[in-house]
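Thanks for making time, everyone. I'd like to walk you through a structure today, and please stop me if something is unclear.

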Amino acid sequence: MFLANDGEPLTIWGVSMLFKRLKKRTGIDGKRATVETVASPALPDGLTSKQAAAELEKAAWSVRSVERKQRKRNAPAPFTTSQLQQDSSRKLGFNVRRTMGVAQRLYEGVEVGPEGSVGLITYMRTDSPRVSPDAIAGAREWIAKLGPKYLPPTANVFKGKKDAQDAHEAIRPTDVNRTPDSIAKYLSDEQNKLYKLIWQRFVASQMTGAIFDVTTVEIAAKGQTGRARTYDFRVSGSVPVFDGFLKVYEVSKEKKDDEDDELANRLPALSEGQRLDLEELKPEQHFTEPLPRYNEASLVKELEERGIGRPSTYASIINTIQDREYVVKHGGPRGRFYPTEIGIVVSDLLVKNFPYIFDTAYTAKLEGELDDIEEGKEKWTDLLGGFYGHFEKELKAAEKKMESVKAMEIVTDEKCDLCGSPLLLKWGKFGTFFACSAYDKKDKNSCTFTKENTAGKPDMNTPEAQEAENTEEYCENCGRVMVLRRGPFGMFMSCPGYSEDPPCKTIRKLTQKQQQKPPVPTGEECPLCGKDLVLRQGAYGEFVSCSGYPKCKYVKQNLIEGMKCPKCGEGDLAERKARRGNIFWGCTNYPKCDFTSNYKPVAKKCPKCKSPYLLEKTLKSGVFLFCPNSKPAVEAEVPAKKAAAKKTAAKKTASKKAAVVFTPAVYAGPICEYEKRIGDAPPPPTVETHGPVKEELQPA
């Protein structure tokens with residue numbers, strides 16, 4: 001391929017040939033023709049390119065030289081947070097939110113057969129590749145089973161970034177002997193995929209490097225007619241000699257470099273002077289292209305390289321820009337981000353009026369200053385004073401100079417369709433729109449013509465919007481074909497009966513997979529006001545509440561019949577759903593009574609320790625009753641009690657109402673070992689019984 005300078009955009013004229021697997025061109029008559037020689041291109045235009053193609057079709061092809069050398073690819077470091085998010089996006093198609101949600105559950109603990117609840121990975125928010133000596137020893141012991149050639153003489157040690165906090169180890173399995181295959185039956189599909197990725201990366205990090213035989217072939221095509229020029233070509237490829245860490249893990253990258261191309265290409269056996277046959281040749285014209293838009297993996301990589309945020313904030317940054325509709329993602333889980341109109345406006349206004357805070361290097365500098373405070377090199381009061389000094393100046397300047405978007409009026413060249421007056425570009429809750437300049441609020445007879453500014457809304461012409469328009473989607477409530485609409489929070493799919501009487505309010509945001517159904521009457525009456533109860537969809541699933549909301553805030557609760565709270569004896573026990581989606585049971589007298597249980601209470605006495613109630617848990621091996629005074633139950637309650645104590649202490653300290661803080665009691669009595677199997681586990685959910693699988697939306 002040869003480059004010509006024909007102005008903007010750059011035009012690249014090339015001759016692409018398929019001769020066996022050799023495609024790279026390097027020059028003519030020994031003179032290199034690359035991007036660096038754009039001032040004097042080898043093929044300045046399409047005509048010259050066609051003439052070169054004619055010469056090459058009749059040229060004599062041969063191997064000028066063959067150079068062979070060995071190259072070693074070292075094992076990768078174990079995962080840090082950003083690397084896990086990038087690899088999970090590229091290999092598994094998980095977005096950052098889903099990756100961190102699944103990793104959180106693996107860290108907190110999963111029921112693993114007789115072992116009970118076990119934390120399967122170390123803490124998943126870290127920027128350090130450091131690994132404990134015990135973990136390294138366990139990995140080397142496991143690797144030794146593969147054979148001595150896979151085990152390096154000494155453990156591999158990896159250096160972290162200069163500004164890494166190094167507070168936690170790298171992300172790794174807590175026990176390397178828990179292989180993905182051995183615990184797959186206890187994990188969900190997404191948990192198994194992510195655990196396997198983490199396990200493989202950690203094991204690979206302590207293995208020997210992979211070795212390749214890299215071959216570079218120089219090829220000459222000597223013209224037989226006309227000027228009889230010799231065209232030079234080069235191609236590199238490799239043959240794996242030893243797989244090393246690649247036996248368990250394959251490295252993925254957003255963009256491959258020349259070394260990756262060399263190691264990926266496979267070449268036939270060639271020798272110096274060997275004659276070659278041309279199979280196909282065709283002239284091609286190429287144009288320079290802009291940089292690709294960010295996807296989640298490349299955005300996390302950019303944040304890390306620029307020092308913006310920390311491992312604990314990458315997911316929240318990406319979630320926020322999507323939740324606030326500053327960007328939309330096109331192309332599914334691995335799709336790329338496109339800015340919306342509101343995103344562009346907000347970004348321009350903030351960057352222009354708050355240059356100190358919205359400098360991309362601000363976060364990186366702040367982290368360095370916080371490290372200086374920790375080391376005693378700087379006082380925290382000086383840091384805060386410096387920040388508020390800059391912020392106060394920018395805030396006062398913004399109050400005077402920042403444009404009022406709502407008051408924005410720009411005269412355009414377009415004319416009103418009704419009266420012919422010039423149209424003004426204004427800003428409304430749906431974005432920019434055109435309005436007639438003859439409109440007057442005081443004059444009821446003035447022109448009220450308006451129309452949407454489709455050109456100013458990037459998300460209107462995006463692949464996602466076009467795909468939504470071209471793909472039929474049916475309303476899950478009434479069965480009609482959904483239509484694309486614009487709302488105050490961006491584009492969304494809705495039932496065509498959205499504005500009818502009675503309406504069908506089924507909608508789906510383009511960033512969601514599941515439709516949001518309208519409230520469905522249950523046929524029951526509200527015990528407080530007598531109005532109908534309806535089934536609604538909330539942030540944590542379906543629930544039944546009064547149709548008179550917000551005047552009546554009654555919500556029907558799933559109570560355990562025949563059982564009162566074992567702590568206060570007055571309230572009922574209700575099923576509740578936590579923010580992270582897990583189910584627990586609590587007293588309806590909360591906050592007066594703080595009784596909660598991660599397992600369902602059952603109104604039966606323990607036959608061993610006479611506890612007034614038992615707990616029910618469901619595992620893959622069956623349904624079991626066990627005593628709340630058993631070791632698993634007590635250990636499960638301790639973290640919750642400690643967390644409640646810290647929360648209570650923080651509230652009372654902030655309000656300054658009391659100097660003494662109540663600490664919830666933790667059971668300290670004798671451990672009861674009662675446990676009884678009472679039935680089989682329910683069958684796993686299927687599409688037929690539970691509908692389509694929902695994308696994980698659990699916050700990290």
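I'll go through pockets and cavities, then salt bridges, then a surface patch, and then a few spots in the loops.

One thing before we start: this is a predicted model, and the values I'll quote are computed.

Okay, pockets. I want to talk about the second largest pocket, which holds about 1,300 Å³ of space. It has 30 lining residues, and those closest to the centre are Leu299, Leu303, Ile317, Ile321 and Ser347. So which parts of the chain build the lining? At least two residues each come from helix 8 (296-306), helix 9 (314-323), strand 13 (336-339), helix 10 (341-353) and helix 11 (362-374). Helix 10 gives the largest share, with 5 residues. As for chemistry, the lining splits into 17 nonpolar, 8 polar and 5 charged residues.

Now the enclosed spaces. How many cavities of 30 Å³ or more are there? The count is 4. The largest cavity has about 100 Å³ of space. It is lined by 15 residues, and closest to its centre you find Asp127, Lys161, Gly309, Arg310 and Tyr314. Helix 8 and helix 11 are the elements that put two or more residues into that lining. You'll remember both of those helices from the pocket, where each one supplies at least two lining residues as well. The class split for this cavity is 4 nonpolar, 5 polar and 6 charged.

On to salt bridges. The whole structure has 22 of them, and I've picked three to show you.

Start with Arg105 and Glu190, whose side chains meet at 3.0 Å, N to O. These two come from distant parts of the chain: Arg105 sits in helix 3 (residues 96-108) and Glu190 in helix 6 (residues 189-205), with their positions 85 residues apart. Is Glu190 buried or exposed? It's buried, at a relative accessible area of 15%, and the cut-off for that word is under 20%.

The second one is Lys329 with Glu296, where the closest N and O atoms are 2.7 Å apart. Again, this pair links distant parts of the chain, with Lys329 in strand 12 (residues 327-330) and Glu296 in helix 8, 33 residues apart. Both ends are out of the way here: Lys329 counts as buried at 13% relative accessibility, and Glu296 is buried too, at 2%. So helix 8 turns up once more, this time as the home of Glu296.

The third is Lys396 and Glu392, with N to O at 3.6 Å. Why are these two separated by about one helical turn? Because they are 4 residues apart in helix 12. Neither end of this bridge is buried: Lys396 is partly exposed at 49%, and Glu392 is partly exposed at 44%. Before we leave the topic, there's also a network: salt bridges with shared partners join Arg98, Arg105 and Glu190. That takes in the Arg105 and Glu190 pair I showed you a moment ago.

Let's stay on helix 12 and look at the surface. Trp380, Leu384 and Tyr388 make a nonpolar surface patch of about 360 Å². Trp380 is in helix 12, which runs over residues 380-401. Trp380 counts as exposed because its relative accessible area is 55%, and the cut-off is over 50%.

Last part: the loops. As background, most residues other than glycine have a negative phi, and most peptide bonds are trans. With that in mind, take a look at the peptide bond from Tyr590 to Pro591, which is cis, with omega near 15 degrees. Pro591 is in the loop between strand 27 (583-587) and strand 28 (596-597).

Then there's Lys610. Its phi is positive, near 65 degrees, and Lys610 isn't a glycine. You'll find Lys610 in the loop between strand 29 (600-602) and strand 30 (614-619). Lys610 is exposed, at 58% relative accessible area.

And one more loop residue, Pro152, between helix 4 (133-144) and helix 5 (180-183). In contrast to Lys610, which is exposed, Pro152 is buried, with a relative accessible area of 8%. Which residue does Pro152 come within 6.2 Å of, C-alpha to C-alpha? That's Met207, 55 residues away in sequence.

That's my tour; happy to take questions.

Note on methods: Residues are numbered from 1 along each chain as its sequence is written. This is a predicted model: local features need pLDDT of at least 70, side-chain atom pairs count only at pLDDT 80 or more; totals for chains, interfaces and linings use all residues. Side-chain values use heavy atoms; hydrogens and water are left out. Patches are made of residues with over 30% relative accessible area and no salt bridge: like charges are joined within 9 Å, nonpolar side chains (Val, Leu, Ile, Met, Phe, Trp, Tyr) within 5 Å. Accessible areas come from the Shrake-Rupley method with a 1.4 Å probe; for residues, only the protein chains shown count as cover. A salt bridge is a side-chain nitrogen of Lys or Arg within 4 Å of a carboxyl oxygen of Asp or Glu. Buried means under 20% relative accessible area, exposed over 50%, partly exposed in between (1.4 Å probe, protein chains only). On a 1 Å grid over the protein atoms alone, a cavity is a set of points where a 1.4 Å probe fits but cannot get out, and a pocket is an open set with protein on both sides within 12 Å along at least five of seven lines; lining residues have an atom within 4 Å of a point. Grid points are joined across faces, edges and corners, and a volume is the space filled by probe spheres set on the points. Ala, Val, Leu, Ile, Met, Phe, Trp, Tyr, Cys and Pro count as nonpolar, Asp, Glu, Lys and Arg as charged, and the others, Gly among them, as polar.
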